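Reader: I'd like to learn how to read this fold, contacts and all. Where do we start?

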Amino acid sequence: MTRMATIQKHDGTVLEAHRTGIRRPPLYRVLLLNDDFTPMDFVVVVLQKYFSMNHERATQIMLQIHREGMGMCGVFTKDVASTKVGQVISYARQHQHPLACVMEENE
């Protein structure tokens with residue numbers, strides 16, 4: 001919160017102090033979901049290409065997706081998360097893979 005100071009102007013009017021609240025925008029988690037058809041190597045490429053992960057980290061997340069059914073790729077503002085979901089789905093469809101990518105509000 002920011003607090004404004006009380007200021008008296010030359011004409012006698014007084015500006016009162018007030019608080020302005022600035023909230024951070026809500027954040028969203030981007031998740032990849034496991035399926036039985038998308039190759040593991042393709043998932044690693046997606047994680048590297050769209051989430052800037054190195055090969056080792058991308059492999060760890062891919063294995064988590066495989067074992068647990070989903071894995072978190074990152075946490076972003078709503079617009080960025082939505083864009084990444086769209087990019088991943090489009091890229092997967094271009095390569096004829098049913099990879100599912102979703103976003104959910106980060107709690």
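Author: Let's begin with a definition: a salt bridge is a side-chain nitrogen of Lys or Arg within 4 Å of a carboxyl oxygen of Asp or Glu. This is a predicted model, where local features need pLDDT of at least 70 and side-chain atom pairs count only at pLDDT 80 or more, while totals for chains, interfaces and linings use all residues. Residues are numbered from 1 along each chain as its sequence is written, and side-chain values use heavy atoms, leaving out hydrogens and water.

Reader: How many salt bridges does the structure hold?

Author: Just one. It pairs the side chains of Glu104 and Arg29, at 1.9 Å from N to O. Glu104 sits in strand E7 (residues 100-105) and Arg29 in strand E5 (residues 27-33), so the bridge ties together parts that are 75 residues apart in sequence.

Reader: Are Glu104 and Arg29 buried or exposed?

Author: Buried means under 20% relative accessible area, exposed over 50%, and partly exposed in between (1.4 Å probe, protein chains only). Glu104 is partly exposed at 32%, and Arg29 is also partly exposed, at 25%. Across the protein, 28% of the 107 residues count as buried.

Reader: What pattern does the protein follow along the sequence?

Author: Helices (H or I, at least four residues) and strands (E, at least two) are DSSP runs, numbered from the N terminus. Here you get three helices and seven strands, in the order β-β-β-β-β-α-α-β-α-β.

Reader: And what about contacts?

Author: A contact means heavy atoms within 4.5 Å. Of those between residues at least 6 apart in sequence, 62% join residues at least 24 apart.
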